[in-house]
Amino acid sequence: MQISNDTLELLRRSEKNLLAFSGGNDSSALFFILKERDIEFDIAIVDYGIRESSKYEIEYAKELCQKYNKTCHTMKSMKINSNFELEARRIRYDFFHSLISQYGYENLITAHHFNDRLEWFFMQFTRGCGLNTLLGFKEIERIYKDNISYNLIRPLINIEKNMLVDYNNKHHIKYFYDSSNDDSKYLRNLFRKHVNDLFTQRFYDGMRKSFEYLKYEYDYLYPNIIICEDNNLFYTKKSSHMNLNHQIHTIDILSKRLGYVMSAAQRNEIIKMLDSSSSIKECIMGDRIIIAKNDDYLFVAQNLKSTIKIPKSYRDRYRKERIPPAIRKIIYITCDRMGFSLKKEDS
């Protein structure tokens, strides 16, 4: 069961790894795959209380941790009355984030595999998305939220699901099956049942290579740029090679780092703002993310709903440096205690 060297190195460098566990086929396999490679980790599991087997899955998680000397974090979810998948995901990741904040975990490990990656690709493809979103399901991502950052790592992203089933069977690893995965009222299950399984069973090798080629082309189309980070503020210096598409791509990436995905309408609004003839210097997406510009920089920041008053000396400096008004409060609250300053020669 091959895991990339980059992922292994990142996980082995830290003893503060947290595995998102469910007791299902994928996370049960990943538990033992990580253990085989002497990677230190604890686990976190959520009980949504909708299936009889949930209590047994929690018991299984605790038994594994007791046997292999790991910490098992558990959570009992409140009842979800609508939009179950969306709400369950929000509850799950808020729980993970609270553990990362409390215990200082550096890496969150999930058991997403190649079938999940392909499922994401098809779902975004039908919604009318570009290359950045189609390939947005990555092996390693840096996540930023509430002044905390960590790596989201998917070690199994290139491994087909049936390989994990075979691994569990070969090693006599216990796991539970979630019958809700068969319910086609959930869009992801519809894709999984009628598209994903068919393609992965017949064309796995070719599709895996295609993802590799697309990644090479993606890196060529969107070369790395220097991005500075101060808490929940990102800024990058504009340069001659950053055309409109590259700027949109950069804003899209930084918004996702802050946990926000722009809609098509919002993207069009930002395109208008970025036009060199536009007098608009900033906009706020969903009351959560600030996108702004001046002659030299692009800014992406988490919207802070603070009423703090900025001292006149700082206001004067921000005006001289042409910092967009919505960004000034962010800089003052989160950055100026560290001597923040934007200068044209920065790169």
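Here is a friendly conversation about the sheet, two helix pairs and a salt bridge in this predicted model.

Trainee: Let's start with the sheet: in what order do its six strands lie?

Mentor: Glad you began there. The sheet is open, and its pairing is mixed. Strand 3 (72-76) and strand 5 (140-145) are the edge strands, each pairing on one side only. Reading across the sheet, the order is 3-2-1-4-6-5.

Trainee: Which residue in strand 3 is the bridge partner of aspartate 47?

Mentor: Strand 2 covers residues 42-47 and pairs with strand 3 in the parallel sense, over five bridges. For aspartate 47, the bridge partner in strand 3 is lysine 76.

Trainee: And which strands does helix 1 touch as it packs on the sheet?

Mentor: Helix 1 spans residues 5-12, and its direction makes about 135° with that of strand 6. The strands touched by helix 1 are strand 1 (17-20), strand 4 (107-109), strand 5 and strand 6 (148-153).

Trainee: Now for a salt bridge: which residue does glutamate 141 meet in one, and how many residues apart in sequence are the parts tied together?

Mentor: A search of the whole structure finds 15 salt bridges. In one of them the side chain of glutamate 141 meets that of arginine 154, at 2.7 Å from N to O. Glutamate 141 lies in strand 5 and arginine 154 in the loop between strand 6 and helix 7 (161-170), so this pair ties together parts whose separation in sequence is 13 residues.

Trainee: Are helix 2 and helix 7 roughly parallel or roughly perpendicular?

Mentor: The axes of helix 2 (residues 25-36) and helix 7 come within 9 Å and cross at roughly 65°. Angles of 65 to 115 degrees count as roughly perpendicular. Helix 2 and helix 7 are therefore roughly perpendicular.

Trainee: Which classes of residue make up that contact, and how many of each?

Mentor: From helix 2 the contact includes Phe32 and Ile33, and from helix 7 it includes Leu164 and Val165. Charged residues take part too, among them Asp26 and Glu36 of helix 2 and Lys161 of helix 7. By class, the count is six nonpolar, three polar and three charged.

Trainee: Last one: is the crossing of helix 9 and helix 10 left-handed or right-handed?

Mentor: Helix 9 (residues 244-257) and helix 10 (residues 264-274) pack at about 130°, with axes 11 Å apart, and are therefore oblique to each other. Their crossing is right-handed.

Note on methods. Residues numbered from 1 in each chain as written. Predicted model: local features only at pLDDT ≥ 70, side-chain atom pairs only at ≥ 80, totals over all residues. Heavy atoms only, no water. Pairing = 2+ DSSP bridges. Helix = DSSP H or I, 4+ residues; strand = E, 2+ residues; numbered from the N terminus. Contact = heavy atoms within 4.5 Å. Axes fitted to C-alpha atoms, helices over the stretch in contact; angles between N-to-C directions. Parallel < 35°, antiparallel > 145°, perpendicular 65-115°, else oblique. Left-handed = near helix turned anticlockwise from the far one by under 90°. Salt bridge = Lys/Arg side-chain N within 4 Å of Asp/Glu carboxyl O. Nonpolar A, V, L, I, M, F, W, Y, C, P; charged D, E, K, R; others polar.
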